[in-house]
Amino acid sequence: DVARFSWVEPSPPVSAFVAPKRAHQKPPSVLAHVRLEFDEEVRGPVLLGKQRYLGLGLFRPMLSR
């Protein structure tokens with residue numbers, strides 16, 4: 001699932017995060033909250049996305065629905 005708002009409180013909406021501006025980067029990066037489900041348990045940490053080295057893209061476990 002992809003959304004502008006997080007399923008985890010108190011995480012702010014994506015509009016609160018600013019993608020680093022780079023002259024060669026056009027169009028700007030897309031920022032979103034993402035919820036992933038795996039078929040089996042995964043040990044973390046889980047990081048995803050090209051800005052994972054800049055502090056974004058860190059996933060945390062959620063309780064089963």
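In the predicted model, Leu58 touches Pro45, Val46 and Leu47, not counting residues up to four places away in sequence. Leu58 is found in strand 4, which spans residues 58-59. The C-alpha atoms of Leu58 and Leu47 are separated by 4.6 Å. Along the chain, these two residues are 11 positions apart. Despite these contacts, Leu58 counts as exposed, because its relative accessibility is 60% and the exposed class begins over 50%.

The partners of Leu58 include Pro45. Pro45 is found in the loop between strand 2 and strand 3. Strand 3 covers residues 46-47. The peptide bond that joins Gly44 and Pro45 is cis. Its omega is about 5°. Most peptide bonds are trans.

The protein chain as a whole has four strands and zero helices. Read along the sequence, the pattern is β-β-β-β. Strand 1 covers residues 2-3, and strand 2 covers residues 33-34. The chain holds 65 residues, and buried residues make up 14% of them. The accessible surface comes to about 6100 Å². Carbon and sulfur atoms account for 57% of that surface. Among contacts with a separation of 6 or more, 49% join residues 24 or more positions apart.

His33 lies in strand 2. The residue counts as buried, because its relative accessible area is 12% and the limit for burial is under 20%. The side chain of His33 reaches the backbone oxygen of Pro12 at 2.8 Å. Leaving aside neighbours within four places in sequence, His33 is in contact with a set of residues from earlier in the chain. Asp1, Val2, Ala3, Arg4, Phe5, Ser6 and Trp7 are among them. The set also includes Ser11, Pro12, Pro13, Val14 and Phe17.

Val14 provides a second view of this region. Val14 lies in the loop between strand 1 and strand 2. Val14 is also buried, because its relative accessibility of 13% falls under the 20% limit. The C-alpha atoms of Val14 and His33 are separated by 6.9 Å. In sequence, the pair is 19 residues apart. Not counting residues up to four places away, Val14 touches Ala3, Arg4, Leu31, Ala32 and His33. Ala3 and Arg4 also appear in the contact list of His33.

The largest pocket has a volume of about 1400 Å³. Its lining is made up of 39 residues. Val34, Arg35, Leu58, Phe59 and Arg60 are the closest to its centre. Strand 2 and strand 4 are the elements that give two or more residues to this lining. By class, the lining has 20 nonpolar residues, 10 polar residues and nine charged residues. Leu58 thus belongs both to the pocket lining and to the contacts with Pro45, Val46 and Leu47.

Methods
Residues are numbered from 1 along each chain as its sequence is written. This is a predicted model: local features need pLDDT of at least 70, side-chain atom pairs count only at pLDDT 80 or more; totals for chains, interfaces and linings use all residues. Side-chain values use heavy atoms; hydrogens and water are left out. Buried means under 20% relative accessible area, exposed over 50%, partly exposed in between (1.4 Å probe, protein chains only). Contact means heavy atoms within 4.5 Å. Accessible areas come from the Shrake-Rupley method with a 1.4 Å probe; for residues, only the protein chains shown count as cover. A polar contact is a pair of N or O atoms within 3.5 Å; within protein, one must be able to donate a hydrogen and the other to accept it, and residues adjacent in sequence count only if both atoms are side-chain atoms. On a 1 Å grid over the protein atoms alone, a cavity is a set of points where a 1.4 Å probe fits but cannot get out, and a pocket is an open set with protein on both sides within 12 Å along at least five of seven lines; lining residues have an atom within 4 Å of a point. Grid points are joined across faces, edges and corners, and a volume is the space filled by probe spheres set on the points. Ala, Val, Leu, Ile, Met, Phe, Trp, Tyr, Cys and Pro count as nonpolar, Asp, Glu, Lys and Arg as charged, and the others, Gly among them, as polar.
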